[in-house]
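Work through the exercises below with the structure open beside you. Try each task before you read its solution.

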Amino acid sequence: KIAYLDSVADWVWDSKDFEDSYVGYWDSQVQFTEQLVEEVGYLDQMPEHLQPYFDYEAFARDLFLTYYHMEDGHVFRVV
């Protein structure tokens, strides 16, 4: 809950917003991105021999600029 409160500007607890935005805990943004790419199947349409060249670090950087926020390992969807 502290990580959630640190991630919102007004420090007001909102259980609905928390439930909508909390994704889980990861050790790094790249670790989160690797799991997301796997679960969603982003690379399924890419030829298998090209998949090792996918840049998880660059994709994580983009995701966390716009769609996600990480606070002490806790990932929140920007809502």
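**Exercise 1: A ring and its partners**

Task: Classify Tyr-56 as buried, partly exposed or exposed.

Solution: Start with its relative accessibility, which is 23%. Then apply the cut-offs: buried is under 20% relative accessible area, exposed is over 50%, and partly exposed lies in between (1.4 Å probe, protein chains only). Tyr-56 therefore counts as partly exposed.

Before going on, note the ground rules. This is a predicted model, where local features need pLDDT of at least 70 and side-chain atom pairs count only at pLDDT 80 or more, while totals for chains, interfaces and linings use all residues. Residues are numbered from 1 along each chain as its sequence is written, and side-chain values use heavy atoms, with hydrogens and water left out.

Task: Describe how Phe-54 pairs with Tyr-56 and with Phe-59.

Solution: Use the pairing rule first. Rings of Phe, Tyr and Trp (its six-membered ring) pair if their centres lie within 6.5 Å; planes under 30 degrees apart are stacked, over 60 edge-to-face, and the rest tilted.
- Phe-54 and Tyr-56: the centres are 4.9 Å apart and the planes make 75°, so the pair is edge-to-face.
- Phe-54 and Phe-59: the values are 5.6 Å and 70°, again edge-to-face.
- Exposure: Phe-54 is partly exposed at 21%, and Phe-59 is partly exposed at 23%.

**Exercise 2: The core**

Task: Find the residues of the largest nonpolar core and the elements that supply them.

Solution: A nonpolar core is a set of buried Ala, Val, Leu, Ile, Met, Phe, Trp, Tyr and Cys residues joined through side-chain atoms within 4.5 Å. The largest one has 8 residues: Trp-26, Phe-32, Leu-36, Leu-63, Phe-64, Tyr-68, Met-70 and Val-75. Next, the elements: α3 (29-40), α4 (56-66) and β2 each give at least two of them. Helices (H or I, at least four residues) and strands (E, at least two) are DSSP runs, numbered from the N terminus.

Now look at the rings. Trp-26, Phe-32, Phe-64 and Tyr-68 form one aromatic cluster.

Finish with Leu-63. Leaving aside neighbours within four places in sequence, Leu-63 is in contact (heavy atoms within 4.5 Å) with Thr-33, Leu-36 and Tyr-68.

**Exercise 3: An unusual phi**

Task: Say what stands out about the phi of Asp-72, and where the residue sits.

Solution: Recall the rule: most residues other than glycine have a negative phi. Asp-72 is not a glycine, yet its phi is positive, about 50°. Its place is the loop between β2 (68-71) and β3 (74-77). Asp-72 is exposed, with a relative accessible area of 58%.
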